[in-house]
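Student: I've got a new structure to look over, and I'd like to talk it through with you. Could you take me through it piece by piece?

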Amino acid sequence: MIEGDFKNSFDSIDHNNLMNLIENKILDRQFTKLIHKCIKAGYMEYRVLKHSLSGVPQGSIISPILSNIYLHQLDSFIINLSSKFNKDTKLKTTSEYERIRYLQKKYKRLGDMDKMSNYNKLLLKMNPYNYHDNSIKKLVYTRYADD
């Protein structure tokens, strides 16, 4: 597991890069100008209006959306990386489990319900999967905001 933390994520977003990302996807220039104005609007601190050259206004309804737009590039990179990394992602059952399962089905087919029931009880107690299989590699990516 790798855990990362983006310090001051909202404060460090570059306005020009963000607007380029937005303008590449949204063709309505009036709408993109409105977003640009929201970013440049600044914020109030101790009754004083302050402007910044980077970051999105924290507390604004649009801030999480803009942050997600900005971090979408990271998401795309990691998802592409995981598709190349993942290998045989389905767990295989153990040979012992398969053997007992075969015997359970055999005695069911023969009509010997006592033996079938005994093997069924064994199956319920067993762990069917080999969790130490080295042939399986899987990358799972989760990004979330905690603020």
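Tutor: Let us settle one term before we start: a polar contact here is a pair of N or O atoms within 3.5 Å, where, within protein, one atom must be able to donate a hydrogen and the other to accept it. Please also keep in mind that this is a predicted model.

Student: Okay, so what does the side chain of Thr32 reach?

Tutor: The side chain of Thr32 reaches the backbone oxygen of Arg29, at 3.0 Å, and that distance falls within the 3.5 Å cut-off for a polar contact. Thr32 itself sits in helix α2, which covers residues 29-40.

Student: Is Thr32 buried or exposed?

Tutor: Thr32 has a relative accessibility of 1%, and because buried means under 20%, it counts as buried.

Student: And which residues does it touch, leaving out those up to four places away in sequence?

Tutor: With those set aside, Thr32 touches Met19, Ile22, Glu23 and Ile26. Taking Ile22 in turn, and leaving aside its own neighbours within four places, we find it in contact with Thr32, Ile35, Leu66 and Ile69.

Student: Which residues make up the largest nonpolar core?

Tutor: That core has ten residues, namely Phe10, Ile13, Leu18, Met19, Ile22, Ile35, Ile39, Val56, Ile62 and Leu66. Helices α1 (15-25) and α2 each supply at least two of its residues, and α1 gives the most, with three. As a general tendency, nonpolar side chains in soluble globular proteins are buried together.

Student: Switching to the outside, which residues make the nonpolar surface patch of about 380 Å²?

Tutor: Phe6, Leu74, Phe77 and Leu81 make that patch. One of them, Phe77, lies in helix α3, which spans residues 63-85.

Student: Buried or exposed, that Phe77?

Tutor: Phe77 is exposed, because its relative accessible area is 53% and the cut-off for exposed is over 50%.

Student: Zooming out, how many helices and strands are there in the protein chain?

Tutor: The protein chain has five helices and two strands, and from the N terminus on they run α-α-β-β-α-α-α.

Student: What share of the chain's residues count as buried, and what area does it expose?

Tutor: Of its 147 residues, 21% count as buried, while the chain exposes about 11,900 Å², with carbon and sulfur atoms supplying 55% of that area. For contacts between residues at least 6 apart in sequence, 69% join residues at least 24 apart.

Terms used:
Residues numbered from 1 in each chain as written. Predicted model: local features only at pLDDT ≥ 70, side-chain atom pairs only at ≥ 80, totals over all residues. Heavy atoms only, no water. Helix = DSSP H or I, 4+ residues; strand = E, 2+ residues; numbered from the N terminus. Buried < 20%, exposed > 50% of the residue type's maximum accessible area, 1.4 Å probe, protein only. Contact = heavy atoms within 4.5 Å. Areas by Shrake-Rupley, 256 points an atom, 1.4 Å probe, with all protein chains shown as cover. Patch = residues over 30% accessible without salt bridge, like charges linked within 9 Å, V, L, I, M, F, W, Y side chains within 5 Å. Salt bridge = Lys/Arg side-chain N within 4 Å of Asp/Glu carboxyl O. Core = buried A, V, L, I, M, F, W, Y, C linked by side-chain atoms within 4.5 Å.
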